[in-house]
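Visitor: I should like a close look at a single part of this protein. Please take one helix and set out its surroundings.

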Amino acid sequence: MDGTLVDSEEYHWLSWRDTMASEGIPITHDQFIKTFGQRNDSILPQWLGAGASAERIQQVGDSKEELYRKLVREGRMEPLPGVMDWVRRLREQGWLQAVASSAPRKNIEVVLEVMGLAGFFEALVSAEDVTAGKPDPQVFQRGAERLGMPPSRCIVVEDAAPGVEAARRAGMRCIGVSRNGSLTGADVVVRSLVDLRDSAFEDLGRG
């Protein structure tokens, strides 16, 4: 979702910055960037310290996510270029679509609702559905299971190296979306979904 359907980086940064400040632990933007896309239970021990209890990690993470959802609802979040065209086109062509994300389910639901995308996905997989984050393939494997499809018939759209590796480990083809046009391991790499050729999914599905 983050980085492929929507650019949510600023909302995550603001919510992490303000949440950690309220805990008396200021973080820099560089610290945030290094952890962006990871699960909260992976991020927070780095900032709270290795001795932080599971309860405190959960509480701080929940506070951050509540603030994130508030910012999303109050802001002007829109799909990334090409997203609406592709989501509609794939639906019309009979493709089943799933969101497989390390984000909490409530976050996914709010983002899809705000962007008007909720009705296009047959399945959602969230942080609550897996025990390990990318590059572990669990999140994509769950998505395939919920769509009732074998991994070999699935195509992942990813914007980060751990996600591409997770797709590979799941036995799936992968389209990489990278602003610099480079994402090692993906079958196809574009700078934006606008640049993706019309036959991209069909071609990979036959591969």
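Guide: The following account begins with helix 6 and then moves outward to the core, the sheet and the loops.

The model is a predicted one. The mean pLDDT of the protein chain is 94, and 100% of its residues reach 70 or more. Among the elements, helix 7 (residues 138–147) has the highest mean pLDDT, 98, while the lowest, 93, belongs to helix 9.

Helix 6 spans residues 105–115. Its buried residues are N107, I108, V110, V111, L112 and M115. The cover over these buried residues includes two helices, helix 4 and helix 5, together with strand 1 (98–100) and strand 2 (123–125). After helix 6 comes G116, which has a positive phi, near 75 degrees.

Two packed helices are described by the angle between their axes and the distance between the axes. For helix 4 and helix 6, the packing angle is about 0 degrees and the axes lie 10 Å apart. Because angles under 35 degrees count as roughly parallel, helix 4 is roughly parallel to helix 6. On the side of helix 4, the contact is made by E65, Y68, R69, V72 and R73. Helix 6 contributes K106, N107, V110, V111, E113 and V114. Of these, N107, V110 and V111 are also among the buried residues of helix 6.

The wider setting is the largest nonpolar core, which has 33 residues. Within this core, L5, L117, F121 and L196 touch the most other members. Helix 4 (54–74), helix 5 (83–92) and helix 6 each give two or more residues to the core, as do strand 4 (173–177), strand 5 (188–190) and helix 9 (200–206). L5 offers a link back to helix 6: leaving aside neighbours within four places in sequence, L5 is in contact with L112 and M115, both of them buried residues of helix 6. The other contacts of L5 are P79, L80, V83, V87, V99 and F121. A second core, separate from this one, has 16 residues, including V130, F140, M172 and C174.

Strand 4 and strand 5 lead from the largest core to the sheet. This is an open sheet of three strands in the order 3-4-5, with parallel pairing. Strand 3 (155–158) and strand 5 are the edge strands, each pairing on one side only. Neighbouring strands are turned by 20 degrees against each other on average, direction ignored. Strand 4 is joined to strand 5 by three bridges, and the two run parallel. V177 stands opposite V190 of strand 5.

V177 also has a contact beyond the strands. S192, in the loop between strand 5 and helix 9, is in contact with V177 and P81 when its neighbours within four places in sequence are left aside. S192 has a relative accessible area of 18%, so it is buried, the limit being under 20%.

A further loop follows strand 2, one of the elements covering helix 6. G133 lies in this loop, between strand 2 and helix 7, and is partly exposed, with a relative accessible area of 29%. Its C-alpha atom is separated by 12 Å from that of T35, although the two residues are 98 residues apart along the chain. P135 is found in the loop between strand 2 and helix 7 as well. The peptide bond from K134 to P135 is cis, with omega near 15 degrees.

Conventions: Residues numbered from 1 in each chain as written. Predicted model: local features only at pLDDT ≥ 70, side-chain atom pairs only at ≥ 80, totals over all residues. Heavy atoms only, no water. Core = buried A, V, L, I, M, F, W, Y, C linked by side-chain atoms within 4.5 Å. Buried < 20%, exposed > 50% of the residue type's maximum accessible area, 1.4 Å probe, protein only. Helix = DSSP H or I, 4+ residues; strand = E, 2+ residues; numbered from the N terminus. Contact = heavy atoms within 4.5 Å. Pairing = 2+ DSSP bridges. Axes fitted to C-alpha atoms, helices over the stretch in contact; angles between N-to-C directions. pLDDT = per-residue confidence, 0-100. Parallel < 35°, antiparallel > 145°, perpendicular 65-115°, else oblique.
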